[in-house]
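Let us walk through the side-chain contacts of this model, from charges over rings to sulfur links and ring pairs.

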Amino acid sequence: MKSPAIWGAAIAVALGLVAPASAQPLDLDGARQQLQVAQSLLPNRQLQPCDRACLTQMLEDYLAALKAHDPSKLPLLPNVRFTENNSPLNLPDGLWNTVDKVSDYRLPVLEPENGNAGLFTTVEEHGKPAFLSLRLKVINRRISEIETIVLRPQANNGFGQPKAMPRRPVFYDDVPPDQRLSRVQLISIANSYFETLQQNHGVVFAPFASTCHRLENGVATTNNNTPPATGRPDPVGIKKLGCEAQFKTGYFNFVTWIRDRRPLVVDREKGLVFMAGFFDHKGDIRAETLTDGRVADPQYDTPWTWQIGEIFKIKDNKIDQVEALVLYAPYGETDTWGDAPKWRPAH
């Protein structure tokens, strides 16, 4: 019979807590630590659940440790995986080195059933505001994954005003227990938004509420009668329209595909779905004809990719609100987190 240590080591490899022995030199101290973690996850041990209050505190603890530039303040698993803007980094690096302030703005998405927690907030680096998207994976009250997007409007070829990020009350409303959708249903509705947007020809696959409104980087990109804040012209008045009306025009045909879509956190209690993905634009469309016959400039005349984090509020089985962060990425950039369905068109 194999000893507990051998079983623990095997489980550590399976859980990704340690690489197989052939892939790294022997480290007895590290192996003991990884063994302790692995044994804490053995089936005969009772896992410590992390409910909504626990996940909320995990997010707050992360932000406090970030501001202190000290990840040792967090309950991290030994092989915690960390990315910033799709780049694998070691802790502390990236924003951990430069953050000065964390604002009071919070848009949390919590999934205690699977140990997932997400958050939109804003920060400052040397007096310059930026957006922060955060996802944590929590196992046995320890953090195993950290995925972040740091959108610096002045540096990331982006747009938006982090200091003006509004707190929209509907995102915080509970869904009555008898009206809550399943995880699969919520993901399906969120994904139908992307199906409608990808190679948009005016056909609407998503269920939209009449109140649907979308912000991108804090800027209203629907129901907006003010001059364009993104720096891009709006000759056909797309930003003045509501969500469904926009898609019915077929204006977004220049979005070639929306790939590597991943549901990061699904909050059934609030009716929220936090999605990640990449928007690719081939840049080969010089003019597009809308469903009403007008000809529009697609504005993307070179290959272009947006990395996105997007939170959908599903209310009464319809998409009611959308909050998105969009960050310029190298065209066709591969998703670091991998194993996500591509959802690319056959042609």
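Start at a tryptophan in this predicted model. The charged end of Arg81 lies over the ring of Trp337, at 3.9 Å from the ring centre. Arg135 also places its charged end over the ring of Trp337, here 4.7 Å from the centre.

Turn now to the cysteines. The chain holds two disulfides. Counted along the chain, the bonded cysteines follow the pattern 1-2, 3-4.

Cys50 bonds to Cys54, with an S to S distance of 1.9 Å. The torsion about this S-S bond is about -90°, so the disulfide of Cys50 and Cys54 is left-handed. Cys50 and Cys54 are both buried.

The other link joins Cys212 to Cys243, with the sulfur atoms 2.2 Å apart. The torsion about the S-S bond of Cys212 and Cys243 is -80°, and this link is left-handed. It ties together distant parts of the chain: Cys212 belongs to strand S8 (residues 208–216), Cys243 to helix H6 (residues 243–248), and 31 residues separate them. Both Cys212 and Cys243 are buried.

Next come the aromatic rings. There are 17 aromatic pairs. One of them is formed by Tyr193 and Phe208. Their centres are 6.1 Å apart and their planes meet at 70°. The angle is over 60 degrees, so the pair counts as edge-to-face. This pair, too, links distant parts of the chain. Tyr193 sits in helix H5 (residues 183–197) and Phe208 in strand S8, 15 residues apart.

Are these two rings buried or exposed? Tyr193 has a relative accessible area of 2%, under the 20% cut-off, so Tyr193 is buried. Phe208 has 7% relative accessibility and therefore also counts as buried.

Key
Residues numbered from 1 in each chain as written. Predicted model: local features only at pLDDT ≥ 70, side-chain atom pairs only at ≥ 80, totals over all residues. Heavy atoms only, no water. Disulfide = S-S within 2.5 Å. Buried < 20%, exposed > 50% of the residue type's maximum accessible area, 1.4 Å probe, protein only. Helix = DSSP H or I, 4+ residues; strand = E, 2+ residues; numbered from the N terminus. Phe/Tyr/Trp six-rings, centres within 6.5 Å; stacked < 30°, edge-to-face > 60°. Lys NZ or Arg CZ within 6 Å of the ring centre and 35° of its normal.
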